[in-house]
Amino acid sequence: MNRRGNCIIGQSGGPTAAINASLSGVLQGILENDLYSNVYGMVNGIEGLLQGKYLDLSAKFQTKEELDRLTHTPSMYLGSCRFKLPTCEHSEVVYRDLFRFFEAHNIKTVFYIGGNDSMDTVLKLSDYAKAHHYDVNVIGIPKTIDNDLPITDHTPGFGSAAKFVATSLLEIAHDTYIYNIPSVTIVEIMGRNAGWLTAAAALARNSYSMAPDLIYLPEAVFDKERFIEDVKAIKEKRKNVIIAVSEGIKDIEGQYISASSSAVDSFGHKQLCGVGKTLENLLKAELGCKVRSIELNVLQRAGGHIASLTDLEEAVMIGKTAATLGAQGETAKMICYKRLQNSPYQVETFAYDIHSIANGEKTVPLEWINEAQNDVTDELVAYLMPLIQGEVSLSFASGIPNYCNIDHLFTPGYFKEHK
């Protein structure tokens with residue numbers, strides 16, 4: 001079944017609490033079934049590999065205990081990059097350098113773990129290998145807290161981020177309700193064009209708290225005047241109003257409420273800056289009460305202490321599937337989840353053509369947003385709920401989580417010394 005030879009694994013894009021669980025899953029699948037002779041790891045993704053930065057993962061992870069620690073370590077053990085792989089037509093030298101490395105190290109399979117832009121890398125590498133008859137196959141493993149990759153039911157990392165968001169909203173509610181004064185709290189949550197993570201705030205609701213009282217997603221048009229009226233209507237019923245809002249909400253013309261007029265990132269995406277603060281200032285001018293905004297920011301991405309056990313277990317599973325299919329010679333595929341049922345929750349993995357996934361985007365269906373466009377439906381809550389189930393059991397040292405050592409990411413001269 002196996003291809004033997006060697007393989008290499010890279011991670012790219014934004015961090016999550018579960019991306020190392022997928023890395024661990026690939027390594028577990030390889031070790032358990034003797035699929036490859038040696039496993040390498042790109043450090044800082046494709047960009048780092050082009051700079052000669054890579055690790056021998058076979059030497060670093062040889063025991064179940066080591067792999068379990070990796071599974072529970074948040075963010076990216078191998079580091080990341082925000083590198084847009086150019087097209088072959090514009091920079092074939094990049095591809096030549098990469099495939100020279102693959103040949104020199106007898107790399108038969110490239111595993112790349114990441115989100116939308118990472119899957120574009122999988123697409124380009126697999127197409128180049130096919131066009132130039134290289135015996136290298138490329139497998140994509142999904143990862144993104146935004147949950148916006150097409151085809152797959154959900155993405156590794158999303159469940160843990162959703163659990164963090166819901167927990168944070170409940171704790172904010174507890175903090176808010178202790179004061180016997182009227183207030184409005186706006187919680188800004190990540191999500192440029194897809195509101196899945198903001199929708200997860202609804203999971204904070206319980207028998208004594210309806211917070212968040214309002215939820216605004218980027219899939220629905222945001223109207224400032226209607227927003228003010230929504231808040232005023234809730235204030236008539238409750239002293240404290242808590243609002244969950246996506247960083248990517250847009251007006252009727254499709255303009256981000258919080259977008260800078262000039263700043264863009266390395267992929268050409270508009271830089272979003274402070275929708276929470278924008279709405280705070282708007283409400284302060286309209287309401288005679290305390291208004292504050294909270295931006296969860298990077299905290300929601302890699303909260304290993306509040307990770308979803310379901311998320312981590314599924315991330316390991318999807319990594320093992322990738323290892324098996326990679327060794328069988330599958331290429332130009334991303335591994336996906338298929339939900340079989342909600343209750344009891346059951347999911348399986350399958351591979352899908354990367355050409356139908358790369359550069360695509362999955363947003364929240366409009367039918368899962370209420371008619372007033374200020375909340376989510378029960379169907380969306382039912383979709384979300386299974387993904388946050390289960391609590392992790394961490395090992396601790398000196399009172400804090402005992403995560404994997406990542407000094408290879410920041411030690412000067414590390415790669416020269418470890419050649």
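1. Start at the loop between α11 and β12, where A332 lies. Its phi is near 55 degrees, a positive value in a residue other than glycine. Do give that spot a look, bearing in mind that this is a predicted model.

2. Just past that loop comes β12, residues 333-342, joined to β13 by nine bridges, with the two strands running antiparallel. Two pairs are handy for fixing the register: I335 stands opposite A351 in β13, and Q341 stands opposite Q346, again in β13. The connection between β12 and β13 is a hairpin through two residues.

3. That hairpin has a backbone detail of its own. S343 and P344 are joined by a cis peptide bond, with omega at about -5 degrees. P344 lies in the loop between β12 and β13, so you'll find the cis bond while checking the turn.4. Zooming out, β12 and β13 belong to an open sheet of seven strands, in the order β3-β2-β1-β4-β5-β12-β13, with mixed pairing. The edge strands are β3 (54-56) and β13 (345-353), each of which pairs on one side only. From one strand to the next, the twist averages 25 degrees.

5. What packs on this sheet? Helix α1, residues 19-33, does, and the strands it touches are β1 (6-11), β2 (38-42), β4 (107-114) and β5 (137-142). The direction of α1 makes about 170 degrees with that of β1.

6. Helix α1 also has a helical neighbour in α11 (residues 309-327): their axes come within 6 Å and cross at roughly 45 degrees. That angle makes α1 oblique to α11, because anything from 35 up to 65 degrees falls outside both the roughly parallel and the roughly perpendicular classes. The crossing of the two is right-handed.

7. Which residues make the contact of α1 with α11? On the α1 side they are A21, S22, G25, V26, Q28, G29, I30 and E32, and these meet L312, A315, V316, I318, G319, K320 and A323 in α11. Sorted by class, the contact has eight nonpolar, five polar and two charged residues. The glycines G25 and G29 of α1 and G319 of α11 are among the residues that meet here.

8. Now for the other sheet worth a look. It is open and has four strands in the order β7-β8-β6-β11, with parallel pairing. At its edges stand β7 (214-216) and β11 (290-295); each has a single partner strand, so one side of each is left without a neighbour in the sheet. The twist of this sheet averages 15 degrees from one strand to the next.

9. In the middle of that order, β6 (residues 183-189) and β8 (residues 240-246) run parallel and are joined by seven bridges. If you want a residue pair to anchor the register, take T185, whose bridge partner in β8 is I242. As a reminder of what holds such pairs together, strands of a sheet pair through backbone hydrogen bonds, either parallel or antiparallel.

10. There is a cis peptide bond on the way into the edge strand β7, too. It joins A211 and P212, with omega at about 0 degrees. P212 is found in the loop between α8 (196-199) and β7.

11. How do α9 and α10 pack? Helix α9 (residues 224-235) and helix α10 (residues 275-284) meet at an angle of about 65 degrees, and their axes are 11 Å apart. That makes α9 roughly perpendicular to α10, since the class runs from 65 to 115 degrees. As α9 passes α10, the crossing is right-handed.

12. The residues in this second helix contact are K224, F227, I228 and V231 from α9, meeting L279, L282 and L283 from α10. They divide into six nonpolar, no polar and one charged. The lysine K224 of α9 is one of the residues in the contact.

13. Last, the whole chain. The secondary structure comes to 13 helices and 15 strands. Along its principal axes, the C-alpha trace spans about 70 × 45 × 45 Å. A compact globule of 419 residues would have a radius of gyration near 22 Å, and the chain has 22 Å, which agrees.

Definitions and conventions
Residues numbered from 1 in each chain as written. Predicted model: local features only at pLDDT ≥ 70, side-chain atom pairs only at ≥ 80, totals over all residues. Heavy atoms only, no water. Pairing = 2+ DSSP bridges. Axes fitted to C-alpha atoms, helices over the stretch in contact; angles between N-to-C directions. Parallel < 35°, antiparallel > 145°, perpendicular 65-115°, else oblique. Left-handed = near helix turned anticlockwise from the far one by under 90°. Contact = heavy atoms within 4.5 Å. Nonpolar A, V, L, I, M, F, W, Y, C, P; charged D, E, K, R; others polar. Rg over C-alpha atoms; globule rule 2.2 N^0.38 Å.
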